[in-house]
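Thanks for making time this morning. I would like to walk you through one structure, so please have a look at it before I go on.

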Amino acid sequence: MLRSIASNFLTFLLVALVLVAALIAWGQGKFVGQGPSTRAICLKVPRGGSIAHVAEELQATGAISNAMIFRLGAEYAGRAAHVKAGSFLIPEGASMQDIVTEVTGNGQSTCGVEVVYRISVSGQEVRVRELNASTGEFAVTAEFDPASVSDVPASYTTALNDVATRIRIVVAEGVTSWQVVEALKVSDLLEGEVGDLPEEGSLAPDGYEIVSGASRRTILDVMRARQQERLDAAWLARSEDAPVKTPEEALILASIIEKETGRAEERPLVASVFANRLRKGIRLQTDPTVIYGITEGRGGLGRGLRQSELRRDTPWNTYLFEGLPPTPIANPGKAAIEAALSPAESDYLFFVADGTGGHAFAETLREHNANVARWRRFQADQAGQ
């Protein structure tokens, strides 16, 4: 009798274990398998949102098939307590596992509303835009210069009051440190003093994720650290015949390259011209350095250079003095720094604009003069239209 009961119990236990294993395997398959959603969605997670709240929202929108499996899978993976606030793009057919990774990652919003504060050589601009999860396209809802607008658009205020809004500061290549600081001063996204003006060239052009109310001084410190990291890495990877002797000189040359061309593919070739001139002891004769000597980085010149200014005695006038100027003339980007330390191989000594946004390069003065003549004809034709 007891033997029969024990046998039946063991059979029941074995069946139960098989069923549990099958149930776990089924749940695991649901967790890692393709999700049921037939369209991308933008999932908004409020501050303090729980994994249970996220699971219910996802099931309601049809992005997952079972909220309990989603919650248990997140807990088993040790991610349930790491839900971040933000707006997250959930692609069509995303698995529960992928969604858990997205909402418990670094917290950077990947959809929804975004505020971009762009700092460029022409000034600063705030742009509010919203990503359509279905099309993947941004729709701009506001665009303004914070230095000249007294009443900001309502969509901007609404965006800043939403904790899920992504806020970025974007610094363009070629801006001066003075331009960056002045733009940070007029932004209501930031707080605090900026301190001393950062050294020219020491700030990395890039995009910076921030939160509203971030410290101006802290943002500048992050920009400095990133630029130093880039410079250090490029210096270690420099060519054996790099035309500069120190990282500081590399930053100076990179800033000139940055101001001379906006085309990424041209930077190594422009760098080769300056490298060849430095090696031969020929003056660099570059207009951006002359302009910096006049403005000292406090805005653009707003017009062409006069002949008298080309002869003006400033430390940055590379028409008067050989070699590099004493400081950078702007904040160069990563590509310009790398070009300065690993220029292309060429015999070019001259270049001039060609009317297409790029430049015509020449090895001899005769070739260069012909290129200059073509450029002037182009300018005359444009003026006559």
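Let me begin with strand β8, residues 207–210, which in this predicted model has a covered face made by Y208 and I210, and an uncovered one made by G207 and E209. Strand β8 runs antiparallel to strand β6, residues 166–171, and 4 bridges join the two; as one instance, I167 has I210 in β8 as its bridge partner.

From there we can move to the interior. The largest nonpolar core has 29 residues, and I169 and M223 are those with the most contacts inside it. At least two residues of this core come from each of β3, β4, β5, α5, β6, α6, β8 and α7, with α6 giving the largest share, 4 residues. If we leave aside residues up to four places away in sequence, I169 touches, among others, Y117, I119, L184 and L190, and also Y208 and I210 of the strand we started with, as well as M223. There is also a second, separate core, of 26 residues, which includes L231, A254, W316 and A340.

Finally, I would like to turn to a pair of helices. The axes of α9, residues 267–280, and α12, residues 334–341, come within 8 Å and cross at roughly 40 degrees, and because of that angle α9 counts as oblique to α12. The crossing in which α9 passes α12 is right-handed. Where the two helices meet, R267, P268 and A271 are the residues on the α9 side, while A335, A336, A339 and A340 are those on the α12 side.

Methods: Residues numbered from 1 in each chain as written. Predicted model: local features only at pLDDT ≥ 70, side-chain atom pairs only at ≥ 80, totals over all residues. Heavy atoms only, no water. Buried < 20%, exposed > 50% of the residue type's maximum accessible area, 1.4 Å probe, protein only. Pairing = 2+ DSSP bridges. Core = buried A, V, L, I, M, F, W, Y, C linked by side-chain atoms within 4.5 Å. Contact = heavy atoms within 4.5 Å. Axes fitted to C-alpha atoms, helices over the stretch in contact; angles between N-to-C directions. Parallel < 35°, antiparallel > 145°, perpendicular 65-115°, else oblique. Left-handed = near helix turned anticlockwise from the far one by under 90°.
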